[in-house]
Amino acid sequence: QNQRTRNAISGHTGGLAGESRVFSQVLKRHRAIEVSDLDELTEFLACCQISRWPTGNNIGLITGSGGQAELILDLASAAGLSVPPLSKSDRDKAERVIGPLPGDGNPLDAWGDGNFNVNMPHGLGVLAGASDIDAVVMVSDTNDNSPMAPSQYTSYLADIAGATTKPCYLMSTRPGLFRKEFADSLRESGVAVIGGTRQGLGAIDRLARWSRPRPMARPAPDKTGRLAAMIEHANGKRQSINEVDTKTLLRAANLPVIGERTAENMDEVRQAAIELGYPVVLKVASDDIPHKSGLGLVATDLADEVALSAAFERMSETLSNMPQPVAETVFVVQRMVENGLELFVGVNRDPDFGLVLAFGVGGILVEVFDEVALRPLPLRKGDAEAMIEETWARILLDAVRGAPARDKEALWRCLYALA
């Protein structure tokens, strides 16, 4: 939402004018269905006009135009809709009658030799019988002056609807464009008339996702007495919690944290580096300095004692020249970790909807991709896994260009533990 929209909403309802992405996730949590415009709303309601609703979101389409099939596939892919290729056995079955199919068979171009009286019902039968297709869609341009005139072939769709348990649809390539007499007669046969590739197919997708069983709630996590006491001690008494104490909290919540040592002086810093092994990272931790790197209070990849000592001296001088007094400070020596994948996960308190977990690609890439997956807390079963798949992290976590795949299960555990 832009600021003008937020102002208008606040003036009109005084209510739900918060972060729109959070609101979307709250709607999903309560199984409400969200649309972005009136076209999408209209087509969704059209999908609901028949009693047979999809149980999965794999859509099978049939058309008589190769160009139309390519355009539909392009638009569906861009909208994240599932139009899976025909299996080899189903493609072979279609080609035995229709002839060679372009592309991967879905959308199924039934042009063939132009004999639609044979090709169309056969292609519809293939889609209706395909085990990995959940909904059958016949595509029409609603033009009665062509060989594929709707008045000539909608009866084939009605026949298929009577022979399958799958929902069937007649779809115009343009939203809101249909002939009422077709819609009325087809509805009696259990066929809904929809329009627009993005809007119409998106409506099928929304309805299919709504029809899935609601994920089960996860059991409340066990809080150790130590963790509960630390949280209670921190609440309301500290505006910011330094890195060392934060990691103590995370560790108590069963999150893995990097090996580190705290130190008060150079001798302790030196001993910590020896224990951890070079190269190391040196930082300053303080409740009053939540952002350390901008002040030069973080030094990475320190290869030996000479580099470590120089970093210690620089940071000590910076601390002594701070314009404002700061809370207790401590030096932190950490093991240097390289060649890892940086990811971002955090919890924010939305002013309208409470605690929200955010996940995305971390480091400098968080600004490049500008995307995070969000879920209101508490998480339900499967939420962490779904959040990963919604972001570019899913690609980076898989085996890419010879690099091994990352440990997704470990990441799921981290998200659930933090939540």
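User: Helices (H or I, at least four residues) and strands (E, at least two) are DSSP runs, numbered from the N terminus. With that settled, how many helices and strands are there in the protein?

Analyst: This is a predicted model, where local features need pLDDT of at least 70 and side-chain atom pairs 80 or more, while totals for chains, interfaces and linings use all residues. Residues are numbered from 1 along each chain, and side-chain values use heavy atoms, leaving out hydrogens and water. The protein has 419 residues, and its helices and strands come to 17 and 12.

User: Is A399 buried or exposed, and where does A399 lie?

Analyst: Buried means under 20% relative accessible area, exposed over 50%, with partly exposed in between (1.4 Å probe, protein chains only). A399 has 57%, so A399 is exposed. Setting aside neighbours within four places in sequence, A399 is in contact (heavy atoms within 4.5 Å) with P404 and A405. As for its place, look in the loop between α16 (393–397) and α17 (408–418).

User: And E40: which residues is E40 in contact with, leaving aside its neighbours within four places in sequence?

Analyst: Start in helix α3, residues 38–47, where E40 is found. With a relative accessible area of just 5%, E40 is buried. Apart from those sequence neighbours, its contacts are V35, R198, Q199 and R206.

User: Which residues touch the most other members of the largest nonpolar core?

Analyst: A nonpolar core is a set of buried Ala, Val, Leu, Ile, Met, Phe, Trp, Tyr and Cys residues joined through side-chain atoms within 4.5 Å. This one holds 27 residues; α5 (88–98), α6 (116–129), β3 (135–140), α7 (150–163), β4 (168–172), α8 (180–188) and β5 (191–195) each supply at least two of them. The members with the most core partners are I62, L108, M120, L124, M138, L157 and C168.

User: What does M138 touch, beyond residues up to four places away in sequence?

Analyst: M138 is one of the residues touching the most other members of that core. Beyond those sequence neighbours, its partners are I62, M120, L124, Y153, L157, Y169, L170 and M171.

User: What is the strand order in the open sheet of 5 strands, and which strands stand at the edges?

Analyst: Strands pair if DSSP finds at least two bridges between them, and β4 and β5 run parallel with 5 bridges, C168 being the bridge partner of V191. The full order is β2-β1-β3-β4-β5, with parallel pairing. Two strands have a single partner each, so one side of each is left without a neighbour in the sheet: β2 (108–109) and β5.

User: How does β12 pair with β11, and which residue stands opposite A373?

Analyst: In a regular strand the side chains alternate between the two faces of the sheet. A373 and R375 point one way from β12, L374 and P376 the other, and all are buried. Strand β11 (residues 354–361) pairs with β12 in the antiparallel sense over 4 bridges, and the residue opposite A373 is F359.

User: Which elements give two or more residues to the lining of the second largest pocket?

Analyst: A pocket is an open set of points on a 1 Å grid where a 1.4 Å probe fits, with protein on both sides within 12 Å along at least five of seven lines; lining residues have an atom within 4 Å of a point. This pocket is lined by 40 residues, with S24, Q25, K28, R209 and E390 nearest its centre. The contributing elements are α2 (20–29), α9 (197–211), β12 (373–376) and α15 (383–389).
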